Protein chains: 2
Amino acid sequence: MAGSDRRKRSAAADAGAPTVILVNPQLAQNIGTAARAMLNCGLSELRLAAPRDGWPNDKSIPAAAGADAILDSAKLYGSTEKAVAGLNYVFATTARERYLAKSVLTPREAAKELRARAASGQKCGLMFGPERMGLVNDDLALADALVRIPLNPGFSSMNLAQSVMILAYEWFQAGDATPARENRYGQSQPADKAELLNFFIMLEKELDESGFLRVAEKRPSMVRNIRNMFQRAGLTEQELRTLHGMVACLVEWRNMPGETSTPVRHRRDRKKPPRVV
Amino acid sequence: MAGSDRRKRSAAADAGAPTVILVNPQLAQNIGTAARAMLNCGLSELRLAAPRDGWPNDKSIPAAAGADAILDSAKLYGSTEKAVAGLNYVFATTARERYLAKSVLTPREAAKELRARAASGQKCGLMFGPERMGLVNDDLALADALVRIPLNPGFSSMNLAQSVMILAYEWFQAGDATPARENRYGQSQPADKAELLNFFIMLEKELDESGFLRVAEKRPSMVRNIRNMFQRAGLTEQELRTLHGMVACLVEWRNMPGETSTPVRHRRDRKKPPRVV
C-alpha cells in the first residue's frame, strides 16, 4: 500500500475516537482483525497490555487487511495499569455477569457517553480481555464503567475482534448522519404521475383488447389492483419507458400479417406465433 | 459438545430470525466465524450459494467455536436464485455505492424492518457477497432492498464475518430489552443517606483533629467538595463500612503509646510511625 493511502486512512480516523486496549490478547491474528475493525470505524489508537505471543507479531498483518498503520503505531505495555495511563475515562467490556458495584452500559449507550466525553476533550478508552476468559476483576477495577453486549444467553461467547467491531461500530454510528432509509433511483428520477397514468391507460387499453379485462363487473377492481401494484413499485422515468416498450413488444404479434387487429375475446382459441424474447 | 448443549443453543435461537445467505464465500474460516456471529445473536439458518471451496468444509469448524449446529444444518445451493427460494423478503448487503433504483437502509433500520416482517409471519433473508468483491448486480436485483453499513469512507472494506456480525447484532438489539444503563451494587445496596452522613461527620472530625481543615474561611467549601466527591461515587453500604475502617485505621497511630492525642496543627513537624498497608 502506498504511503499516500496510509495518510488518507489516518486522516479518516476520528480525532476524538477512543483508544482500544487489548489486555493479554492471545492470538496475533485477532489483533490484526481488531485493527481492521477499528479503522473501519475511524478508531486509530491501539494499546496492547502484555500480549501472550509478544509484539510486533507478523501474524497480525494479513488479518489487518490493510490497517497496517494501526499495527505500526500500536503501543506495548507491561500491564493493564500502565496501559490506561493518559486516559481520562475507561470502559471495560465483559461478557459475563460481574458482581461489582459498577454501572453496566449497552454498547449503544457507551458510545453516547464516549461521544459526549470526547466532545468535552476527554481521552477515553475501551478495554478488552483475553480471548478465553475476558478481563479479570483487577482489570475491571481500573475501569470507570462496564460495557456488556446483549447477546443470545445460550451462546454469548464472542470472538475478540467481533467485540471490538461492535464497540467501534457503535462509536461510529453515534457520530454518523447517514439517513436510516434512502430511496435511490439509479441515474433516473421517480416518474412523473402523468407519465405513470399514460402507461396505465396504454396498458389497460391493451388488456381490454387482449380480453384480459373482459368481465365487466370485475374490471374496476382489477384495474385498481393493477394500478396499485405498479404504483407501489415507485417506478423511475427510465423504468416506465422500459415497461411501455415491454407491453408494446408483447402485443406486436397481434398486428403481424395474417393476424387480426380486432379485439380478441377468446385467446385460448388462438395460436400465438413463436417469439424468442 | 454434548447433544443437550446443542439443543439448548438451538432453543435459544430466535424463530423469526432472518436467514443468512452467503453468496460465493471464499474462505471456510469466514463461514465458521459467520456461524458463530449468527448464534451469538440468535440467528440459526445459514444458506450457502456456491461456496468457492465446496461444502461441508472442516476449516469452518474451529472458527465456529461451538456454533456447530449452524454449520451442520447449513444448506447448500447452486446459485443465488435458488438460495432465496422460500423467503418473502431479502436484504442484500453492499459496501459500495450502487447505481440501482432501490432503497438503501442502515443496519439499524433494516433490523426494524426485519422485526416488523417477522412479526407478520414473513420469512426474511440477509444476503452477503464474497469477500473480495461483494455481491454482483444480478444478485442485488434479487433483493428487495439494500443494506449498507456506515463506515469510515477511507477504509470501508470489511471482513465478511464482521458484516454478518453487525447485521445479526442489530437484529438482536432490535428485539432486546436490556436497559441502556444499569447501576450494579455487587452483593450490597446503595448506602442509606444517614449512614453516609455519619461517615462525613466522622471523616470531618478526624480531618479537623489532623489539621487538614485548619483554615477556617476555607473549611465550608472544603467540606462541601469532600462530601460531593464521596456523594458522587454512589457508595454502597459495604463500601461505606470499608471507608469507615480505612479512616479509623489511618488515624490509629495518633493514639499509639508515645503519641499525643491532642489535635495536630502542623503535621509536617511530626514523624509518622512506619506502617505497611
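## Shared sheets and helix packing in a predicted two-chain model

In β6(A), A:Cys124 is the bridge partner of A:Tyr89. The two strands concerned, β4 (residues 89-93) and β6 (residues 124-128) of chain A, pair in the parallel sense over 4 bridges. The model described here is a predicted one, and every value below is computed from it.

Both strands belong to an open sheet of 8 strands with mixed pairing, whose order is β3(A)-β2(A)-β1(A)-β6(A)-β4(A)-β7(A)-β5(A)-β8(B). At its edges are β3 (75-77) of chain A and β8 of chain B, each of which pairs on one side only, and the twist from one strand to the next averages 25°. Helix α2(A) packs on this sheet, where it touches β1 (19-23) and β2 (46-49) of chain A, and the direction of the helix makes about 165° with that of β1(A).

A further open sheet of 8 strands, again with mixed pairing, runs in the order β8(A)-β5(B)-β7(B)-β4(B)-β6(B)-β1(B)-β2(B)-β3(B). Here β8 of chain A and β3 (75-77) of chain B each have a single partner strand, so one side of each is left without a neighbour in the sheet. The twist in this sheet averages 25° from one strand to the next. On the chain B side, α2(B) lies across β1 (19-23) and β2 (46-49) of chain B and runs at about 165° to β1(B).

Three of the strand pairs can be set out by their sense, their bridges and one residue pair.

| Strand pair | Sense | Bridges | Opposite residues |
|---|---|---|---|
| β4(A) and β6(A) | parallel | 4 bridges | A:Tyr89 and A:Cys124 |
| β8(A) and β5(B) | antiparallel | 3 bridges | A:Asn183 and B:Ser103 |
| β5(B) and β7(B) | parallel | 2 bridges | B:Val104 and B:Leu146 |

Strand β5(B) thus appears in two of these rows: it pairs with β8 (residues 181-183) of chain A in the antiparallel sense, while 2 bridges join it to β7 (residues 145-147) of chain B in a parallel arrangement.

How are the two chains related to each other? Chain B can be laid on chain A with an RMSD of 0.1 Å by a turn of 180° and a shift of 0.0 Å along the axis, which is the relation of a two-fold axis. The same surface serves both copies, since 98% of the contact residues of chain B recur in chain A.

The contact between the chains takes 53 residues from chain B and 52 residues from chain A. On the side of chain B that touches chain A, the elements giving two or more residues are α1 (3-12), α2 (28-40), β5 (103-105), α6 (107-119), α8 (160-174) and β8 (181-183) of chain B, and of these α8(B) gives the most, with 6 residues. By class, that side of chain B divides into 23 nonpolar, 19 polar and 11 charged residues.

Within chain A, helix α2 (residues 28-40) and helix α8 (residues 160-174) pack at an angle of about 15° with their axes 8 Å apart, and are therefore roughly parallel to each other. The crossing by which α2(A) passes α8(A) is right-handed. From α2(A), the residues A:Asn30, A:Thr33, A:Ala34, A:Ala37, A:Met38 and A:Asn40 meet A:Leu160, A:Ala161, A:Val164, A:Met165 and A:Ala168 of α8(A). This contact of α2(A) with α8(A) has 8 nonpolar and 3 polar residues, and no charged ones.

Terms used:
Residues numbered from 1 in each chain as written. Chains lettered and ligands numbered in written order. Predicted model: local features only at pLDDT ≥ 70, side-chain atom pairs only at ≥ 80, totals over all residues. Axes fitted to C-alpha atoms, helices over the stretch in contact; angles between N-to-C directions. Parallel < 35°, antiparallel > 145°, perpendicular 65-115°, else oblique. Left-handed = near helix turned anticlockwise from the far one by under 90°. Contact = placed C-beta atoms within 7 Å. Nonpolar A, V, L, I, M, F, W, Y, C, P; charged D, E, K, R; others polar. Least-squares fit on C-alpha atoms with pLDDT ≥ 70 in both. Pairing = 2+ DSSP bridges.
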